[in-house]
Amino acid sequence: LFLLLCGFLAMLTTYHDEKSGLYARVRRGIRFLYPRLTQLAYLLPAGIICLLSLWISDSLTNLGTELVALLSYIIVLLLFYWILSLVIKNHTVLCAAFPMLLLCTLIFTPIIVDLSTFFPWLKVVRYVLPTHYYLLFF
């Protein structure tokens, strides 16, 4: 969830940067990469902090598996935020959507409660949420 929240913050930063015209001078063909690199600048240090916290809490069982899982999760998050930025163009709507996306992540992926055990048709919702793909590693 920490990476998901850091990604939300990175997405707000990229919205502000695009609105202020920061990427206006960049060539049109590669302009797509700059917001993703900004988001990656938020997500990579957060991923390192996640690895360190797993190591400090003695929960890190296999460094290789966890590293692959975290890198894959960061890639999935970047794709998720890119698709979200294509769907939601308004900063205010994006801010309103964050709590709902966080709540959906907590409810529909087995982090706190897995409602799909009670309602099997809810399993479809988890495929839209990026945290589901991280949890597939474990």
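**Exercise 1.** State how helices α1 and α3 are oriented to each other, and give the steps.

*Solution.* The result is that α1 and α3 are oblique to each other, a class that takes the angles left over when those under 35 degrees count as roughly parallel, over 145 as roughly antiparallel and 65 to 115 as roughly perpendicular. Step one is the geometry: the two axes come within 11 Å and cross at roughly 40°. Axes are lines fitted to C-alpha atoms, for helices over the stretch in contact, and angles run from 0 to 180 degrees between N-to-C directions. Step two lists the contact (heavy atoms within 4.5 Å): Leu-3, Leu-4, Gly-7, Phe-8, Met-11 and Tyr-15 of α1 meet residues of α3, including Leu-70, Tyr-73 and Ile-74. Step three sorts the contact residues into 11 nonpolar, 2 polar and no charged. Here Ala, Val, Leu, Ile, Met, Phe, Trp, Tyr, Cys and Pro count as nonpolar, Asp, Glu, Lys and Arg as charged, and the others, Gly among them, as polar.

The model is predicted; local features need pLDDT of at least 70, side-chain atom pairs count only at pLDDT 80 or more, and totals for chains, interfaces and linings use all residues. Residues are numbered from 1 along each chain as its sequence is written, and side-chain values use heavy atoms, with hydrogens and water left out.

**Exercise 2.** Describe how α2 is placed against α3.

*Solution.* The axes of α2 and helix α3 (residues 63-87) come within 10 Å and cross at roughly 150°. That angle makes α2 roughly antiparallel to α3. The contact involves, among others, Leu-40, Leu-43 and Leu-44 of α2 and Leu-67, Leu-70 and Tyr-81 of α3. Its residues divide into 15 nonpolar, 3 polar and 2 charged.

**Exercise 3.** Classify the ring pair of Phe-8 and Tyr-81.

*Solution.* The whole structure holds 7 aromatic pairs; rings of Phe, Tyr and Trp (its six-membered ring) pair if their centres lie within 6.5 Å, and planes under 30 degrees apart count as stacked, over 60 as edge-to-face and the rest as tilted. The centres of Phe-8 and Tyr-81 are 5.7 Å apart and the planes stand at 65°, so the pair is edge-to-face. Phe-8 lies in helix α1 (residues 2-19) and Tyr-81 in helix α3, 73 residues apart.

**Exercise 4.** Give the helix count and the confidence of the model.

*Solution.* The protein chain has 6 helices and 0 strands; helices (H or I, at least four residues) and strands (E, at least two) are DSSP runs, numbered from the N terminus. The mean pLDDT (the predictor's confidence in each residue, from 0 to 100) is 89.
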